[in-house]
Amino acid sequence: MTEIKTYPPSADFVKNAHVDAAKYREMYDRSINDPEGFWTEEAKRLDWIKAPTKIKNVDFSYPDVSIKWFEDGELNVSVNCVDRHLATRGDQTAIIWESDDPEVDRHITYNEVSRQVNKMANVMKSLGIAKGDRVVLYMPMIPEAAYAMLACTRIGAIHSIVFAGFSPEALAARVSGSDAKLIVTADQAPRGGRNTPLKANVDKARAICGDVQALVVERTGEDVGMKEGLDHSFTALMAEAAEDCPPEPMNAEDPLFILYTSGSTGQPKGVLHTTGGYLLWAAMTHEIVFDYHDGDIFWCTADVGWVTGHSYIVYGPLANGATTLMFEGVPTYPDVGRFWAVCEKHKVNQFYTAPTAIRALMAHGTEPVNKHDLSSLKVLGTVGEPINPEAWNWYNETVGKGTRPIVDTWWQTETGGHILTPIPGAIPTKPGSATLPFYGIVPAILDPQTGAEITDTVAEGVLCLKDSWPGQMRTVYGDHERFVKTYFSDFKGYYFSGDGCRRDEDGYYWITGRVDDVINVSGHRMGTAEVESALVAHPAVSEAAVVGFPHDIKGQGIYCYVTLMDGEEYTDELKTELRNWVRKEIGPIASPDHIQWAPGLPKTRSGKIMRRILRKIAENDYGALGDTSTLADPSVVEDLIENRMNK
Ligand code: 6R9
């Protein structure tokens, strides 16, 4: 085994850091031994209308799971992210917007954000939106996306952001799933030099889910056919809107947002986060994990359509009065040096991206990086999937010049913010490990078969969390039973993450990937069942089984085994058609990498598809197929191996 190197932070870094090794130990221990005291103190990071006196009220016991934090506290998120900064930093840049076009950017002050958010909140009110109503955002990466989020919070509406890369079908399902009263969108979304027709997609979605009014931001100015009474021009309504909208006082446990995410079933779940705990967790982790200091320029390259964008483009940074960079484009447009050009141009101090982006850029060598002055960088971060040591080393050496701490942050839509992560001035890193728990987090590794917790330091099993933290999701929107069943029924008394994990001799955690039927494609989480249901919805398909396989750039790719209806012909044209079909049903991110015709699928005698075998075939790993004797027809496996496509 090659020895794993450990990278401690430099003495210089530690000197200026918020948290050093001793402080981490002290704070972590206090967070575990005295959670009430610890969180009473930390809650002061936020401005409360009514400070909470009841701190934690949590029951993880099946089936009566209930999670409440700061339950008698009252606050407003937009006040915390905007109003409270105006006296001291009204003229400071809140958002740097870098458009898809490298020639166009804007600096937007906190004063300006305040004006826009108040007006947009009034626009929403004029469209009949009130506290508790759901608003779907289907937006490009433009400042109006952040204004829309904050405008919702100002009036107590619950936003549900749908990634702009999702298809009309996926949008329709999310609009009806949350019974939304308004869709905020734009005419088009420019990305990588191409325009996605968002408004046209909204029209198609409404043909499926029924009419819901739309507020349409004019991003490109394209004529998109506004329907009288149903579509509203953002520019026109903002011109008339009053500049002051009083903030709605919200209970800490009032819903803040819904965000749909994939699980192991066909239907994505509406993860629900609430107001007080989520905001505190986002703000606190943003400051500590990125060692954010006043005046720093922070850039998270995610899209606001994912949880990472929620917590680390908008809520965490703005709650801390930070300057947050919002990027409309893609890493490879107009060329593969775009990330580094943006870092140089805006003197970015903390840079947070996904391993898949690092691997894609790594393939183009060091020259596009070295062309740019990256001396402003202080901390580098990754999120979304395990980072392989090669990519970690390249990130460290080429981007960080070997001197910037890398924070490999493990967390989930469900957790609201970072859970396992290095704190850069405190925790020496090891390439590929998310290292140690953040304050208040008690990880446990359980034996997947027996469910017993493995208490030895060195352990491997499934990753669970033993107790709650303020940023934890509270329920699945409209389906609490599903929440309890998904996260609390397999391992009683624990929150089950769905990830496999190993703990080494130093107590460091190494995520080994999902143990359920969720795959991670370019950091995007996807249920194999979602792709399967899209495939079987095609009239020619009788059965489909989808698995992940290792992919150099994307981390995992999508491998589909497809059985056709009797009488259908197995042709290349049909493969192309099925690929396009899945793109249309879900979106381009779900585009199958391989479709293999499978006139027969390996099934047990009770009819269960043996995915373990399909995964091995997809991985080209025939030596390790394991026991196939329980199959109803073992010869199916040989046929599949013979026909395995290797394009
Ligand atoms: C924030 C986010 C969550 C799943 C999670 C895990 C994987 C995320 C990771 C990581 C290894 C990391 N994941 N961060 N795996 N190391 N640093 O990505 O949320 O989209 O809900 O995905 O992503 O498998 O369970 P989400």
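**Stop 1: Lys 378**

Start by selecting Lys 378, in the loop between α14 (367-370) and β19 (379-383). Keep in mind that this is a predicted model. Is Lys 378 buried or exposed, or does it fall in between? Lys 378 counts as partly exposed, because its relative accessibility is 33%.

Now show the surroundings of Lys 378. Beyond its neighbours within four places in sequence, Lys 378 is in contact with Phe 13, Asp 296, Asn 349, Gln 350, Arg 404 and Pro 405. Pick out Asp 296 from that group. The side chains of Lys 378 and Asp 296 are joined by a polar contact of 2.8 Å.

Next, draw a line from Lys 378 to Glu 638. The C-alpha atoms are 53 Å apart in space, and the two residues are 260 apart in sequence.

**Stop 2: the whole chain**

Zoom out. The protein chain has 20 helices and 30 strands. Its C-alpha atoms fill a box of roughly 75 × 65 × 55 Å along the principal axes. The radius of gyration is 24 Å, which agrees with the value near 26 Å for a compact globule of 647 residues.

Colour by burial if your viewer allows. Of the 647 residues, 59% count as buried. Contacts also reach along the sequence: among those with a separation of 6 or more, 71% are between residues 24 or more positions apart.

**Stop 3: the eight-stranded sheet**

Select the strands β12-β11-β8-β6-β7-β14-β15-β23, in that order. They form an open sheet with mixed pairing. Which strands are at the edges? They are β12 (231-233) and β23 (475-476), and each pairs on one side only.

Move inward to β8 (residues 182-186) and β11 (residues 213-217). These two pair in the parallel sense over five bridges. Use Val 184 as a marker: it stands opposite Leu 215 in β11.

Go on to β6 (residues 134-138) and β7. Their pairing is parallel too, over four bridges. Here Leu 137 stands opposite Ile 161 in β7.

Stay on β7 (residues 158-161) and turn on its side chains. In a regular strand, side chains alternate between the two faces of the sheet. Ile 158 and Ser 160 are on one side of β7, with His 159 and Ile 161 on the other. All four are buried, so both faces of the strand are covered.

**Stop 4: Asp 133 and Lys 181**

Select Asp 133, in the loop between α5 (110-126) and β6. Asp 133 is buried, with a relative accessible area of 11%. Leaving aside neighbours within four places in sequence, its contacts are Gly 128, Ala 157, Ile 158 and Lys 181.

Add Lys 181 to the selection. The side chains of Lys 181 and Asp 133 meet in a salt bridge (3.4 Å, N to O). The pair links distant parts of the chain, 48 residues apart, with Lys 181 in the loop between α7 (168-177) and β8. Lys 181 is partly exposed, at 43% relative accessible area.

**Stop 5: a network of charges**

The structure holds 41 salt bridges. For another, select Arg 206 and Asp 231. Their side chains meet at 2.9 Å, N to O. Arg 206 lies in helix α8 (residues 198-209) and Asp 231 in strand β12, so the pair ties together parts 25 residues apart in sequence. Arg 206 counts as buried at 4% relative accessibility, and Asp 231 counts as buried at 7%.

Widen the selection to Lys 199, Asp 203 and Lys 227. Together with Arg 206 and Asp 231, they are linked in a network of salt bridges.

**Stop 6: Lys 575**

Jump to helix α18 (residues 572-585) and select Lys 575. Why does Lys 575 have no salt bridge? The nearest side chain of opposite charge, Asp 572, is 4.7 Å away, and a salt bridge needs a nitrogen and a carboxyl oxygen within 4 Å. Lys 575 is nonetheless buried. Look for the backbone oxygen of Ile 595, 3.1 Å from a polar atom of the Lys 575 side chain.

**Last stop: a hairpin**

Finish at β1 (residues 56-59) and β2 (residues 66-69). The strands run antiparallel and are joined by four bridges. They form a hairpin, with six residues between them. Select Val 58 and look across to Ile 67 in β2, which stands opposite.

Definitions and conventions: Residues numbered from 1 in each chain as written. Predicted model: local features only at pLDDT ≥ 70, side-chain atom pairs only at ≥ 80, totals over all residues. Heavy atoms only, no water. Pairing = 2+ DSSP bridges. Buried < 20%, exposed > 50% of the residue type's maximum accessible area, 1.4 Å probe, protein only. Lys, Arg positive; Asp, Glu negative; His and termini not counted. Polar contact = N/O pair within 3.5 Å; in protein donor to acceptor, adjacent residues only side chain to side chain. Rg over C-alpha atoms; globule rule 2.2 N^0.38 Å. Contact = heavy atoms within 4.5 Å.
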